[in-house]
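Please look over the sequence and the model below before reading on. The paragraphs that follow take the chain step by step, beginning with confidence and ending with individual side chains.

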Amino acid sequence: LAAHPAAAPVPAVAAPVPATTTIPATATVAAAVPSKVMVTVHLQRSEPGAPMGMSLSTSADHVGTVWVTNVTAGSPAAVAGIKKGDLLVMAGGVPVVAAANSLDSAIEILMGLPKDFDVMVQRSA
């Protein structure tokens, strides 16, 4: 085997770092996008199929999504920590989707779950 010559050391070059950076007037600056977080809560209701105390809606912009539009104070949903504006992702380990942008399939999933189950939602941080 042939020996490889040692690599020559690379000299360090320090470039001056400006204290401030000026953005030209013609530059486009993107607006900040709010970050989203996934939250899992435990929902417990009086019996399977009992109301959860939340109103739901779909979105024409995001087909198949199910959004919480209202939460009744003191309801199982409120006690669990579900909030208006949450996007329902999973309930009882089942994906919550609005087939053909209809809430029927999502409601069927939610009403068919046992009296207590975990709900995963996505919300703004």
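Over residues 10-15 the pLDDT stays under 50, and for this stretch the model has 0 contacts beyond four places in sequence. The same description holds for residues 1-8, where pLDDT also stays under 50 and the model likewise has 0 contacts beyond four places in sequence. Since this is a predicted model, these scores deserve attention when the coordinates are read. The chain as a whole averages a pLDDT of 81, and 73% of the residues score at least 70. Among the elements of the chain, the mean pLDDT is highest, at 97, for helix H1 (residues 76-80), and lowest, at 91, for helix H2 (residues 103-111).

The secondary structure consists of 2 helices and 6 strands, which follow one another along the sequence in the pattern β-β-β-α-β-β-α-β. Of the contacts in the chain with a separation of 6 or more, 63% are between residues 24 or more positions apart. Of the 125 residues in the chain, 25% are buried, while the surface that the chain exposes comes to about 8600 Å², with carbon and sulfur atoms supplying 62% of that area.

Which residues form the salt bridge? The structure holds 1 salt bridge, and in it Arg123 pairs with Asp86, their closest N and O atoms being 2.7 Å apart. Because Arg123 lies in strand E6 (residues 116-124) and Asp86 in the loop between H1 and strand E4 (87-91), the pair ties together parts that are 37 residues apart in sequence. In general, side chains of opposite charge can pair when their charged atoms come close. As for their surroundings, Arg123 has a relative accessible area of 13% and is therefore buried, the cut-off being under 20%. Asp86 counts as buried too, with a relative accessibility of 1%.

A further side chain to follow is that of Ser75, which lies in the loop between strand E3 (66-71) and H1. With a relative accessibility of 8%, Ser75 counts as buried. When its neighbours within four places in sequence are left aside, Ser75 is in contact with Met52 and Gly53. For Gly53, the backbone oxygen lies 3.3 Å from a polar atom of the Ser75 side chain.

Note on methods: Residues are numbered from 1 along each chain as its sequence is written. This is a predicted model: local features need pLDDT of at least 70, side-chain atom pairs count only at pLDDT 80 or more; totals for chains, interfaces and linings use all residues. Side-chain values use heavy atoms; hydrogens and water are left out. pLDDT is the predictor's confidence in each residue, from 0 to 100. Helices (H or I, at least four residues) and strands (E, at least two) are DSSP runs, numbered from the N terminus. Contact means heavy atoms within 4.5 Å. A salt bridge is a side-chain nitrogen of Lys or Arg within 4 Å of a carboxyl oxygen of Asp or Glu. Buried means under 20% relative accessible area, exposed over 50%, partly exposed in between (1.4 Å probe, protein chains only). A polar contact is a pair of N or O atoms within 3.5 Å; within protein, one must be able to donate a hydrogen and the other to accept it, and residues adjacent in sequence count only if both atoms are side-chain atoms. Accessible areas come from the Shrake-Rupley method with a 1.4 Å probe; for residues, only the protein chains shown count as cover.
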